[in-house]
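Dear colleague,

Please find the structure below for your review. My notes on it follow.

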Amino acid sequence: MKNGDPIRWVIAGALLACLAFAGFGRASAQAPGFAQITSPGGGEAVRGLVTIEGFAAHPRFERYELAFAYPEDPTDTWFAIGEPSRQPVEAGPLGLWDTSSITDGSYRLRLRVFLDNGTALEHIVEGLRIRN
């Protein structure tokens with residue numbers, strides 16, 4: 001292979017592109033005030049219709065989504081709570097979660113705030129206990 005070999009340039013370009021976009025589209029740590037669930041809190045017992053409160057706002061805000069999951073799930077399957085919202089929220093209600101049809105047990109609650117550059121900020125509340 002010579003220094004000017006086109007295959008070498010293609011591979012080098014692909015590697016640079018991977019490095020440049022390594023964080024694109026991935027969830028990253030949240031910062032309070034951008035993506036944060038303030039209620040319900042971890043370990044809290046909830047039942048029936050639950051108001052989820054917090055922050056979903058950022059200068060590059062595009063939308064946010066709420067979801068829940070089982071605590072020990074090797075497939076990392078999340079179940080949507082309502083439709084995605086395109087309205088930012090600063091210290092207020094993010095959505096309503098109807099737990100009445102969910103089996104009693106422990107769950108995780110996730111807020112994801114998507115930015116216009118593809119980045120997703122997220123906050124996960126662990127150990128919510130549904131007690132219907």
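**Two side chains and a sheet**

The side chain of His-123 comes to 2.8 Å from the backbone nitrogen of Ile-37, a polar contact (a pair of N or O atoms within 3.5 Å; within protein, one must be able to donate a hydrogen and the other to accept it, and residues adjacent in sequence count only if both atoms are side-chain atoms). This is a predicted model, in which local features need pLDDT of at least 70 and side-chain atom pairs count only at pLDDT 80 or more, while totals for chains, interfaces and linings use all residues. Residues are numbered from 1 along each chain as its sequence is written, and side-chain values use heavy atoms, with hydrogens and water left out.

His-123 belongs to strand S9 (residues 120–130); strands are DSSP runs of E, at least two residues, numbered from the N terminus. His-123 is buried at 18% relative accessibility, where buried means under 20% relative accessible area (1.4 Å probe, protein chains only).

Arg-108, in strand S8 (residues 105–115), is likewise buried, at 10%. Its side chain reaches the backbone oxygen of Tyr-70 at 3.2 Å. Among the residues that Arg-108 touches are Asp-73, Asp-76, Trp-78 and Glu-126, contact being heavy atoms within 4.5 Å.

Three strands form an open antiparallel sheet in the order S2-S4-S7; strands pair if DSSP finds at least two bridges between them. S2 (35–39) and S7 (89–98) are the edge strands, each with a single partner, so one side of each has no neighbour in the sheet. S2 pairs with S4 (residues 49–56) over 4 bridges, and Ala-35 has Ala-56 as its bridge partner in S4.

Yours sincerely

Terms used
Buried < 20%, exposed > 50% of the residue type's maximum accessible area, 1.4 Å probe, protein only. Lists of a residue's contacts leave out its neighbours within four places in sequence.
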